[in-house]
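Biologist: Hi! Could you walk me through this one? I'd like the overall picture and then a closer look at one spot.

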Amino acid sequence: MQILISGASIAGPVLAYWMNRYGFDVTVVERAANLRKTGGHAVDLFRPAMEISAKMGVLPQIEARATGTNRLTVFREGQTRPTEIDLTKIYAAASDRHVEIMRDDLSEIYYEVTRDDVEYIFGDTITAIDPDGEVTFEHGPTRNFDVVVGADGLHSNVRRLTFGEDADLTRFIGGYLAVLSAPKTLANAGQMIGHVGVGRIAAIYTAEHLDDARVVFLFRVARQLDYDHRDVSGQKALLSGALSGMAAQVDRWLEEIDRTPAFYFDAITQLRMNIWSRRRVTLVGDAGYCPGPAVGGSTSLAVLGAYVLAGELARAEGDHLRAFAAYELRMREPVQASRTFARGAAKSIVPESRFGVWALTHGAQLVSRLPGSLSRSMAKLNTKGVRLYDSMPVPDYTDDDYTDDKVPGEE
């Protein structure tokens, strides 16, 4: 059975690993000429993603690439005295198994564990998908596949080709995220420095193995901004307008905006599609159910979704329609819970009032001062809040009769 996956970031390689493990013939196509290894931001892996990564045998590599950020020094806008926060306490309250890792490092780890067994095509993209499985590429020859999976992110090309007008069922949840690269001398490994004000946040961090520092900006607006997603200079102007004057240190970070080798800017947008499959095509991760960049734990959700999709395709012995239905049913509750959590997180992470700024900083400080056992016990009572991702079940497909020599759906 021939499987085509569009996207080689996170969900794509994880899905490719498990599809290959179950005996499917897998091809991954990626628009970029190679793996993206510049820019990007840190992402959180919670218990489900950690368990799945352990099953893949890559957990030691992930832990070795952890950012190691364990302290946060945060300034409230207009205040000179910082608040010191022990991030290890915050992470422990949220998850029993957690790692923060750079997104590009994680992508590389998942790619490396699959590259020898999976066909990767870089520098190409899908231009058409026929109902019978014929796929047309921008550069390569037309080929036939039994299943096509869009793992190509929030602005998914596969979603647009498959669902047309329905592909734009999104919900803006009030903010924007930007990331740029800055000289490593501006930050210290192990420590994040942040500034928090009404409707805006800026923070900088680095890690021992990085060659640079990463600056993250979040800001809120009353209405969604109108800009061209291809107009990078326009995006930089919007960012400067929203964050300039916050603090002298933030203004120094913004000076790097025209020198940065990597720049990311996007709306914190939530996909609202409740059906992710049509005919031979399905979606996984941000392409199908992004709860919101930076606020909804989308990386862990993408890893879980890829694992579940592969398991259900194998369990259905190649009957993709049956597998898609089972996949959507199993992922529906985690996705809906992530959406609800993200909408609340978007408001609390980027406060809308001075009281919200005070509550955010002092609340984090309180958790960091509590005994670890007490904060963990209190957090475990909230499985729909800070413990949402740890509470998501990871299905066990090991009891099913799959081997690397047997292709599901073939004799």
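Modeller: Happy to! One term to begin with: a residue counts as buried when its relative accessible area is under 20%. Also, keep in mind that this is a predicted model.

Biologist: Good to know. So what share of the chain counts as buried?

Modeller: Of its 411 residues, 54% are buried by that cut-off.

Biologist: And how many helices and strands are there?

Modeller: There are 13 helices and 18 strands in the chain.

Biologist: What does the radius of gyration say about the overall form?

Modeller: The chain has a value of 21 Å, which agrees with the figure near 22 Å for a compact globule of 411 residues. Along the principal axes, the C-alpha atoms fill a box of roughly 70 × 50 × 35 Å.

Biologist: How much area does the chain expose?

Modeller: About 18,200 Å², with carbon and sulfur atoms supplying 49% of that.

Biologist: Switching to charges, how far apart are the mean positions of the positive and negative ones?

Modeller: They are 9 Å apart, taking 45 positive and 54 negative charges.

Biologist: Now that closer look. Where does Thr269 sit?

Modeller: Thr269 belongs to strand S16, which covers residues 263-271.

Biologist: Buried or exposed?

Modeller: Thr269 counts as buried, because its relative accessibility is 9% and the cut-off is under 20%.

Biologist: Which residues is Thr269 in contact with, leaving aside neighbours within four places in sequence?

Modeller: Among them are Leu154, Phe172 and Gln224, along with Cys290 and Pro291. Thr170 and Arg171 are also in contact with Thr269.

Terms used
Residues are numbered from 1 along each chain as its sequence is written. This is a predicted model: local features need pLDDT of at least 70, side-chain atom pairs count only at pLDDT 80 or more; totals for chains, interfaces and linings use all residues. Side-chain values use heavy atoms; hydrogens and water are left out. Helices (H or I, at least four residues) and strands (E, at least two) are DSSP runs, numbered from the N terminus. The radius of gyration is taken over C-alpha atoms; the globule rule is 2.2 Å times the number of residues to the power 0.38. Buried means under 20% relative accessible area, exposed over 50%, partly exposed in between (1.4 Å probe, protein chains only). Accessible areas come from the Shrake-Rupley method with a 1.4 Å probe; for residues, only the protein chains shown count as cover. Lys and Arg count as positive and Asp and Glu as negative; His and the chain ends are not counted. The place of a charge is taken as NZ of Lys, CZ of Arg, CG of Asp or CD of Glu. Contact means heavy atoms within 4.5 Å.
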